[in-house]
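Hi,

Here is the structure I promised to pass on to you. Have a look at it first, and then read on for what turned up.

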Amino acid sequence: METDATSRPRLLEPPGGFFIWMLVVLELVTFGVALIALVVSARNDPETYHQSRLLLDPRYGIANTVFLLTSGYFMAESVRHFHQADRSRARRRLWLAIAGGLAFLGLKGVEYADKIAHDHTLGSDPFFTWYWLLTVFHLMHVLVGLVILGCMLRQLATIKGDDFEAGGIFWHMCDLIWLLLFPILYLIF
Amino acid sequence: MNHLATYLVLLALTAVSVFAAERFPQLDLLPLAVMALATTKFLLVAFRFMEMRRGHLAWKVGLIGCSTLFLVFLAVTSP
């Protein structure tokens, strides 16, 4: 049986396109290095990190993980329906993905307000400095992701398949980063 | 495994990692176990939701290799 050479995956053409994956790799390396620096820093002062970590309510982190995973599921389903030329279903799933992102933002706002009310702010101790830097940087990615999803929704009738998939990959990148942030900030210290 | 099954596995792994962290906070292996679960979730999202399973072998090996290295480094350096 012959194999069609054009159907084989190509190195420079990953799903969604080369440039979006380059962005994903760069972002993951940036967050990865920061997380390693956080863990190394905690090694020098484990008691402070442990006591500060106990001041975080893991229920916020768990709920936000569920929001982002649910949103990611609907995004993946939206891309699948888009490729099947079912734009009506793709639109509904995209709306649900956006709703998950907005729920994440809302709950993060509540958590930030709680931390500020208890004076656990940037600079109050090394753990909370990392907490604010990493989570706000992640939050900025979520905000950009929501703008991208909004644009995809607006241009759903005309957008190309690769562009739609690339937008979805950016959104999933926010999941990927959070999946590493959540256990390190809320669970392991 | 379709997207729904992947999603359910991701939720289950999240529940397991939270349960382990709450139930066995003093366990020496806890950081490694929790981060191993997180790495599994990371790879599930990358391969199933981001469709990297359709990508070139080099991307797959790179993703698995880098996330494993990250996990090992965290395990070695964690307090």
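Val9(B) sits in helix 1 of chain B. Is Val9(B) buried or exposed? Neither quite fits: its relative accessibility is 31%, so Val9(B) counts as partly exposed, given that buried means under 20% and exposed over 50%. If you want to place this residue against another part of chain B, try Leu30(B): the two are 21 residues apart in sequence, and their C-alpha atoms are 20 Å apart in space. Please keep in mind throughout that this is a predicted model.

Staying with chain B, there is a nonpolar patch on the surface, formed by Phe19(B), Phe24(B), Leu27(B), Leu29(B) and Leu32(B). Together these residues have about 490 Å² of accessible area. One of them, Leu27(B), is placed in the loop that runs between helix 1 (3-23) and helix 2 (30-49) of chain B. With a relative accessible area of 48%, Leu27(B) is partly exposed.

Now to the inside. The largest nonpolar core has 84 residues. Which of its members touch the most others? They are Trp21(A), Met75(A), Tyr131(A), Phe164(A), Ile184(A) and Phe189(A). Both chains take part: two or more residues each come from helix 1 (18-44), helix 3 (58-83), helix 4 (87-117), helix 5 (126-154) and helix 6 (161-186) of chain A, and from helix 1, helix 2 and helix 3 (57-77) of chain B. Helix 6 of chain A gives the most, with 17 residues.

Two residues of chain A are worth a click in your viewer:

- Tyr131(A): leaving aside residues up to four places away in sequence, Tyr131(A) touches Leu56(A), Lys108(A), Glu111(A), Tyr112(A), Lys115(A), Leu185(A) and Tyr186(A).
- His141(A): this residue is part of helix 5 of chain A. Its relative accessibility is 6%, so His141(A) counts as buried. With the same sequence neighbours left out, His141(A) touches Glu27(A), Phe31(A), Phe170(A), Met173(A) and Cys174(A).

Finally, a word on confidence. Chain A has a mean pLDDT of 91, and 96% of its residues reach 70 or more. Among the elements of chain A, helix 3 has the highest mean pLDDT (96) and helix 2 (residues 46-53) the lowest (89). Residues 1-5 of chain A have pLDDT below 50, and this stretch makes 1 contact in the model beyond near neighbours in sequence. Where pLDDT is low, the predicted coordinates should not be read in detail.

Best wishes

Conventions
Residues are numbered from 1 along each chain as its sequence is written. Chains are lettered from A and ligands numbered from 1 in the order in which they are written. This is a predicted model: local features need pLDDT of at least 70, side-chain atom pairs count only at pLDDT 80 or more; totals for chains, interfaces and linings use all residues. Side-chain values use heavy atoms; hydrogens and water are left out. Patches are made of residues with over 30% relative accessible area and no salt bridge: like charges are joined within 9 Å, nonpolar side chains (Val, Leu, Ile, Met, Phe, Trp, Tyr) within 5 Å. Accessible areas come from the Shrake-Rupley method with a 1.4 Å probe; for residues, only the protein chains shown count as cover. A salt bridge is a side-chain nitrogen of Lys or Arg within 4 Å of a carboxyl oxygen of Asp or Glu. Helices (H or I, at least four residues) and strands (E, at least two) are DSSP runs, numbered from the N terminus. Buried means under 20% relative accessible area, exposed over 50%, partly exposed in between (1.4 Å probe, protein chains only). A nonpolar core is a set of buried Ala, Val, Leu, Ile, Met, Phe, Trp, Tyr and Cys residues joined through side-chain atoms within 4.5 Å. Contact means heavy atoms within 4.5 Å. pLDDT is the predictor's confidence in each residue, from 0 to 100.
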